[in-house]
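Have the model open in your viewer, with a way to select residues by number. The stops below can be taken in order.

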Amino acid sequence: MRKAVLLGLGLLLGRMVFAQKQADNWYFGRNAGISFNSGSPVALTDGRLNTLEGCSSISDFDGNLLFYTDGSTIWNADQAVMQNGTDLNGDFSSTSSGLIVPQPNNPGIYFVFTVDEPHHDNADDDPGTFDGDRVNDGLNYSIVDMTQDGGLGAVTTKNVPLITYDISNPLAALLKCSEKLTAVRADDCDSFWLITHFVDTFYAFKVDSTGVVLQNTGPNQSPVISKVGLEVPLSGYRRNALGYMKASPDGTKLGVCHFGTIETGEAPAFVDGDGAIALYDFDDATGIVSNETLLRDSGSPYGIEFSNKGTKMYATYGEGINGGGTNYLVQYDMQSTDIAASESIIDQSEVFSAGALQLGPDGKIYRALVEFTSGGGFANDDHLGVINNPEEDASIVSYDPRGVRVDVDNQRGSRTGLPPFVQSFFTNIDIIQNGISTTSLSLCVGESYRLQYDLIAGATYTWTIDGVVQPLPTDQNFFDLTNVTVSSAAAYELKVDLGNGECQLEGVAVLAVNPFPTAIDSTLVQCDVDPDNSMDGISAFNLSEAYDEITGGSSSVLDITFYEGPGDITADTPITNITAYRNKMPFSQDIIVRVRDRIGCERFASLTLQIQSTLASFPSSGPFFACDDDPSDAVLSGTFDLQDIKDTFFPSFDAFFYSSLADALAEEDPLPDSITSTDTTIFLRLENNNQCQGIEDFDLIVDQTPIVNIEDSILCTNDVPLTLTAETGFDSYRWYRIEADGNETVISNLQAADFSIPGEYWLELGNSYNHLGTNRVCTNTRSFNLTPSSTARFLDLNVEDISENNIVTVLVEGEGDYEYAIYDEFGPYQDSNIFENVPAGFADFFVRDKNGCGIVGAFTASVIGYPKFFTPNGDSFNDRWQIKGLTQLTRPGTLILIYDRFGKLLKQVSPLGQGWDGTYRNTEAPADDYWFSVVLNDGREFKGHFTLKR
């Protein structure tokens with residue numbers, strides 16, 4: 001949404017006026033932000049800025065966001081990058097990368113001052129140590145004109161450099177600046193001072209209606225220069241550049257944190273704390289800085305801030321290597337004769353880093369909190385710390401390390417920086433003076449309150465409501481809020497012109513008016529069911545059960561307190577036992593209820609406690625039964641549907657179950673609609689419009705559920721039916737077949753059942769009970785599968801013989817899972833149906849179903865072959881040589897011829913005889929290799945050789 005430019009009337013007058021709402025919106029850290037528009041900080045969730053340190057923001061006089069920046073990019077009120085709002089010369093890792101100063105008497109014009117991170121790696125002209133950033137750009141300013149882009153603003157001038165270093169020093173000219181910026185109003189009330197520090201010198205630039213004012217003209221233009229105090233060596237940059245600087249809101253003091261003052265070369269990575277905290281006088285008429293007071297010369301100081309009235313100053317620092325040890329928040333008493341000795345620890349932490357400090361429009365001081373994790377990330381960054389009363393002495397300072405939650409949606413977090421502002425924005429006077437807040441006032445409808453400030457002779461007082469001037473005497477230093485209504489909520493402002501040339505004073509009270517809370521006279525009815533005496537009219541009440549009736553349903557945002565009588569209200573002795581209060585007067589007693597909202601608006605009502613000593617007539621019910629959920633464990637427990645019990649037996653009442661009578665009386669911890677329990681007794685409370693009608697007890701009884709033991713089985717389809725028998729000892733049996741469509745078909749109600757069809761089945765077993773006249777059955781089921789199998793159906797034997805490796809393949813079919821054996825039906829069996837190196841001759845084969853459905857065989861194969869040698873020595877072993885494996889069908893007509901190595905035919909052997917005996921013409925043939933030729937009767941022919949051994 002586009003917003004129009006809102007121009008403060010004060011900028012059109014001869015003297016500059018402030019409205020502290022210019023600092024109402026802060027953006028910082030990882031997309032975090034807070035708004036003070038309501039008087040108290042509220043988390044913002046629309047921020048686009050993501051910065052480790054540097055940030056700045058500005059709002060108009062009515063508290064409407066104008067823009068914010070991380071020193072490099074500017075975002076407008078629509079959360080978009082402003083026109084020409086990129087590539088400013090700041091750096092998100094610079095402590096005060098940006099600071100926004102409005103141009104006096106030039107409405108809508110803002111100067112954005114930026115300081116770069118003066119990195120040592122960019123100061124040595126060595127590209128090998130370049131840090132990825134540009135060269136060190138030093139202090140610059142850019143100009144934003146809010147009349148541009150339809151009121152969203154645009155950058156019209158960008159990155160005008162300002163000299164804050166000794167141009168004759170080469171290293172200073174490369175580093176150019178520290179990371180410190182602050183701004184404060186000048187004593188003429190019509191200009192600002194922009195102040196920075198480098199090495200040992202303060203540079204103060206005046207900003208007035210003409211722009212940034214330099215003291216000289218031509219090439220020697222310069223700011224006001226004050227060389228004072230300790231020197232922060234250039235050789236220790238960039239570490240030495242870190243740390244905030246702040247002016248006091250009244251423009252009289254400067255506080256400076258130097259993170260380091262080391263003199264070693266180019267900032268070693270790990271250095272013990274040797275920083276400093278220093279205090280100076282500042283002349284807001286001349287811009288001169290003087291009179292250094294060194295408050296601390298150890299640790300690694302980072303954040304610093306003054307209280308609104310300048311009576312106290314606060315700082316943060318860390319101990320140890322690079323400030324990574326214990327971190328401290330300390331206070332200095334600016335009114336002490338020895339300010340350094342007044343240092344008091346407000347908080348110390350082993351978790352949080354030092355963090356920035358920033359004064360808020362409400363007069364409180366806020367602290368950035370983040371934990372640097374060992375992996376380089378961030379943690380514990382969801383809150384800002386808050387110093388609630390920074391003007392007080394350290395002994396009574398209230399510090400809340402979890403004061404404001406900024407990460408309300410788990411998408412943002414604090415880092416180490418907070419946005420600095422023109423410190424004069426916080427010179428507001430306190431016109432509320434209630435010790436609670438300097439800007440936020442909450443009243444109840446009908447209340448009255450006086451806003452006021454000191455009566456100063458000769459001063460002119462101007463009161464406004466939401467910017468509208470009120471017709472009051474100019475010497476009236478107070479404003480009476482009388483019988484306020486909700487419509488009285490507004491911003492009440494007082495401007496005080498002292499009439500002596502000093503700057504105008506200003507205070508604001510943002511008024512919130514709350515209506516009185518609802519407080520309705522009510523009645524709470526309890527049943528008299530005490531175990532000791534159920535007729536005495538005394539019982540235990542849970543008074544919180546009346547909250548919603550008393551408040552009309554708004555109890556969650558109200559504080560409710562009960563008293564037995566008016567005297568207890570005066571003595572502030574409330575009833576403390578809220579959940580089990582026992583009435584003092586039998587049967588009926590009135591107590592007083594105070595209803596108070598969060599800002600203290602309160603009303604009173606009466607609560608009548610009544611005892612119902614007789615029970616209404618309820619339908620007879622119970623006990624209630626359930627079957628054991630898990631019969632396999634050792635616990636007998638079942639699930640009870642209490643909602644079904646309510647709906648069935650008590651449909652006309654508000655019914656609630658409890659595990660004890662005490663809970664039923666107090667209406668605490670009602671049981672859920674479904675519970676799992678062992679045998680027990682529970683209590684039922686019946687109500688009508690939150691009034692007790694009776695309390696009954698019921699037994700919950702758990703019956704044993706059967707354990708079903710059945711496993712998957714094999715169904716041999718060659719041997720059906722298969723009979724399965726369940727265990728004995730149960731009252732009912734039921735067998736189901738699960739059909740293809742998912743339906744169940746009952747196949748038997750007996751203990752045993754026959755099965756002929758493979759598939760999925762259920763077995764259901766039941767135990768019957770009859771207890772207290774109630775018949776019931778607890779059943780349990782288990783599924784099982786019948787997997788089909790069968791003996792093999794023989795197809796063929798495939799024989800590959802007359803070779804070096806005779807192979808026989810057994811071919812079968814069937815539903816089973818088969819294994820195979822040769823020669824013996826008892827095995828051994830193999831998974832493969834292929835047998836290799838089968839000896840010549842006749843071999844029997846067997847096939848067995850692995851699932852136990854049987855063996856088939858023998859299937860005989862004729863494997864034709866011959867022996868490789870024979871020994872005709874008469875020992876009955878291998879005495880003759882013959883072709884083996886010839887069947888009755890292949891023997892007739894088969895021709896077998898034997899030759900010697902020279903091809904001479906020695907013998908024709910009959911396939912029907914015993915074979916060759918190793919003689920030739922009745923003479924023993926010599927031991928040697930012999931050749932043969934075989935022609936089978938089916939036409940096959942093969943040849944080979946064998947050896948005769950003697």
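Helices and strands here are DSSP runs, numbered from the N terminus, and a strand has at least two residues. With that naming, start at Arg412, which sits in the loop between β29 (399-405) and β30 (440-444). The model is a predicted one.

**Arg412**

Is Arg412 buried or exposed? Its relative accessible area is 5%, and buried means under 20%, so Arg412 counts as buried. Show what surrounds Arg412: leaving aside neighbours within four places in sequence, its contacts are Arg30, Asn31, Ala32, Leu44, Thr45, Asp46, Gly47, Val406 and Asp407. Then pick Thr45, whose backbone oxygen lies 3.4 Å from a polar atom of the Arg412 side chain.

**The nonpolar cores**

Next, select Phe28, Phe67, Phe113, Val144, Phe198 and Met313. In the largest nonpolar core, which has 97 residues, these touch the most other members. Strand β8 (residues 109-115) contributes the most to this core, namely six residues. Centre on Phe67: apart from neighbours within four places in sequence, its contacts include Ile74, Trp75, Met82, Ile100, Tyr110, Val112, Val144 and Met146. Ser57, Ile58 and Asn76 are also among the contacts of Phe67.

Now move to a second, separate core of 22 residues; Leu443, Leu494, Ala509 and Val513 are among them.

**Helix α4**

Select residues 642-649, which form helix α4. Which residues of α4 are buried? They are Leu642, Ile645 and Lys646. Look down the axis of α4: the buried residues fall within an arc of 100°, so they line one face of the helix. Add the strands that these buried residues pack against: β43 (624-627), β44 (638-641), β45 (654-658), β46 (674-677) and β47 (680-688). At the N-terminal end of α4, Asp641 acts as a cap, with a side-chain oxygen 3.2 Å from the backbone nitrogen of Gln643.

**A three-stranded sheet**

Go on to the open sheet of three strands, ordered β56-β57-β59 with antiparallel pairing. Its edge strands, β56 (793-800) and β59 (834-835), each pair on one side only. Strand β57 (residues 807-813) is joined to β59 by two bridges. To find one bridge, select Thr809 and its partner in β59, Ile834.

**Confidence**

Finally, colour by pLDDT. The protein averages 88, and 93% of the residues score at least 70. Residues 1-17 have a pLDDT below 50, and this stretch has 44 contacts in the model beyond near neighbours in sequence. Residues 614-618 also have a pLDDT below 50, with 10 such contacts.

Note on methods. Residues are numbered from 1 along each chain as its sequence is written. This is a predicted model: local features need pLDDT of at least 70, side-chain atom pairs count only at pLDDT 80 or more; totals for chains, interfaces and linings use all residues. Side-chain values use heavy atoms; hydrogens and water are left out. pLDDT is the predictor's confidence in each residue, from 0 to 100. Contact means heavy atoms within 4.5 Å. A nonpolar core is a set of buried Ala, Val, Leu, Ile, Met, Phe, Trp, Tyr and Cys residues joined through side-chain atoms within 4.5 Å. Buried means under 20% relative accessible area, exposed over 50%, partly exposed in between (1.4 Å probe, protein chains only). Helices (H or I, at least four residues) and strands (E, at least two) are DSSP runs, numbered from the N terminus. Two strands pair if DSSP finds at least two bridges between them. The arc is that of the directions from the helix axis to the C-beta atoms. A polar contact is a pair of N or O atoms within 3.5 Å; within protein, one must be able to donate a hydrogen and the other to accept it, and residues adjacent in sequence count only if both atoms are side-chain atoms.
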